[in-house]
Amino acid sequence: MATRRRTNTEPARGAGEVEQAHHVIIGGGLAGSLMALFLARRGYRVDVLERRPDPRTAEVVEGRSINLALSERGLNALRAVGLEHEVRALCLPMHGRIVHDADGAVSRQPYGQPGQHINSISRRALNELLIRAADAHPQVRMHFDVEIEALDLDEAVVTWRTRGDDARRRTRARLLIGADGAFSQVRAALQRTPRYNYSQSFLDYGYKELTLPPNADGGHALSPDGLHIWPRHDYMLIALPNLDGTFTCTLFLPWEGETSFDSLKDGRGVRAFFEANFPDAAALLPDLEEQFAGNPVGSMVTISCDPWHYGDRVVLIGDAAHAIVPFYGQGMNAAFEDCFELDRLFAQLGAESQAEVVRRFSSERKRHADAIRDLAHANFVEMRSRVVKQDYLLRRQVEQVVQLLFPNRFVPLYSMISFTTIPYADAVERARRQNEAMDRIARGAGLSASAAGIAWAARRLLGRDEDPDRS
């Protein structure tokens, strides 16, 4: 048997004796704090090491997008730890896209059947709720402002200290979980092991966030029950509602080119660009120039790696394992589902089978992460361009009618991703089969088909050869 290569650096001189901990999670963001709750509910002691300050006391939290879209996969994980009700109180339901055409027309495109919706939620508010819940559990210790100085993967030992404190600590974990984001230190250590597969790809687009203020009476200036989108083919603006009456607007533009972040040089140019392309939004942004100049441009990266584990004591979850672009609204939901699935395997196999748990989690979960990665890229094109095309709109209408008639036989891909917990790759495969049937329905019913004609064609193809008048 080949000897595994050591992947750590020597711990800093002066480090104390090795402490024993049941589980150590590096990263106290959304996935890390939720995973701590899952483990604590199983009776494990958990130390969570987070490099950033405690968001409950910090004035500004660096990093990620302000708004998130919470859907069924994320809610399912939160439900499992008893937090669904508290989280829903922080949400605003979005029942569909509210599309602002270039000619000024506004139309609605429901996400699913009546009553189905995704949820706009503040990243910071959700993270604070999860941290409070984890910190209140007697089995969890939260540590902030942490610097990781060394990782020994073979022994699952972390050498770390709190900023401002020279005392170094060495903690050995029964299980070491990397939940430290797209540029994970834990994954970086795995990348130095033999035959480790890793790739990253940055999108040619950046994003800038702007805050659209409330009306004078404190209400929302736009309808708050949907995700607003201004699709302009090669770029777009979106807006998600917040509980305080504001909207978080996000502009997605190429980094370089004729129409790009690089081409918007000054406030006058920014105002002219918005008035030409998003006039109704521009009218609601009185401080557009100041916000645009003061807010940074963010980048979007896709990260793939394999495997997600090392030996039987180290495993990656969330963006550390599978960072994706945000256009399907599934990055957080996929990370929460990681937590749920890892916990499910512990429940199924038992703590004594930890080696099998991390191996199966790594191998089984990756194909689903790959599936949502590809969907997220494809949905960017759909959002910025296809949502105003007639063939796309017609197909969505046909899908909705067929789903209404056959709710157990036909579920559109978006609905499977957002409103069920069907594994991502399985949903993609089912959608492929359904699309083949839809193509035959379209040929059978014609482009100008009525609901009755669609129903007749669907019955023939889906196994209910009945008179359409009997529906």
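What share of the contacts in the protein with a separation of 6 or more is accounted for by residues 24 or more positions apart? In this predicted model, the figure comes to 69%. The chain has 471 residues, and 52% of them are buried. Its secondary structure adds up to 15 helices and 18 strands. As for the outside, the accessible surface is about 21100 Å², with 49% of that belonging to carbon and sulfur atoms.

Now for the sheets. Strands of a sheet pair through backbone hydrogen bonds, and they can do so either parallel or antiparallel. One open sheet here is built from three strands in the order E3-E7-E4, and the pairing is antiparallel. Strand E3 (67-70) and strand E4 (92-94) are its edges, each pairing on one side only. From one strand to the next, the twist averages 35°. Looking at one pair in that sheet, E3 is joined to strand E7 (residues 118-122) by four bridges, and the two run antiparallel. Leu70, for instance, has Asn119 in E7 as its bridge partner. Helix H4 (residues 123-136) lies across E3 and E7, and it runs at about 80° to E7.

Helix H2 covers residues 72-80, and its buried residues are Arg73, Gly74, Leu75, Asn76, Ala77 and Leu78. Just after H2 comes Gly82, which takes a positive phi of about 80°.

Another open sheet has seven strands, lined up as E6-E5-E13-E14-E15-E12-E16, and this time the pairing is mixed. Its edge strands are strand E6 (106-110) and E16, each of which pairs on one side only. Here the twist averages 30° from one strand to the next. Within this sheet, strand E12 (residues 197-212) and strand E15 (residues 247-254) run antiparallel and are joined by eight bridges. Tyr207 stands opposite Phe252 in E15. Helices pack here too. H11 lies across strand E5 (96-100), E12, strand E13 (227-231), strand E14 (236-241), E15 and E16, and it runs at about 155° to E16. H12 also packs on the sheet, where it touches E5 and E6, and its direction makes about 40° with that of E6.

One loop residue is worth a look. Pro296 sits in the loop between helix H8 (288-294) and strand E16 (298-306). Is Pro296 buried or exposed? Its relative accessibility is 65%, and the cut-off for exposed is over 50%, so Pro296 counts as exposed. Even so placed, Pro296 touches Tyr207 and Lys208, leaving aside residues up to four places away in sequence. Pro296 and Gly206 are 90 residues apart along the chain, yet their C-alpha atoms are separated by 9.9 Å.

Finally, the pockets. Rolling a probe the size of a water molecule over the atoms shows where empty space is left. The second largest pocket holds about 530 Å³ of space. It is lined by 23 residues, and those closest to its centre are Glu382, Arg386, Tyr392, Glu399 and Leu413. Which helices each supply at least two residues of this lining? They are helix H11 (354-384), helix H12 (390-405), helix H13 (413-419) and helix H14 (424-445). H12 gives the largest share of the lining, with six residues.

Technical notes:
Residues are numbered from 1 along each chain as its sequence is written. This is a predicted model: local features need pLDDT of at least 70, side-chain atom pairs count only at pLDDT 80 or more; totals for chains, interfaces and linings use all residues. Side-chain values use heavy atoms; hydrogens and water are left out. Buried means under 20% relative accessible area, exposed over 50%, partly exposed in between (1.4 Å probe, protein chains only). Two strands pair if DSSP finds at least two bridges between them. Axes are lines fitted to C-alpha atoms, for helices over the stretch in contact, and angles run from 0 to 180 degrees between N-to-C directions. Contact means heavy atoms within 4.5 Å. Accessible areas come from the Shrake-Rupley method with a 1.4 Å probe; for residues, only the protein chains shown count as cover. On a 1 Å grid over the protein atoms alone, a cavity is a set of points where a 1.4 Å probe fits but cannot get out, and a pocket is an open set with protein on both sides within 12 Å along at least five of seven lines; lining residues have an atom within 4 Å of a point. Grid points are joined across faces, edges and corners, and a volume is the space filled by probe spheres set on the points.
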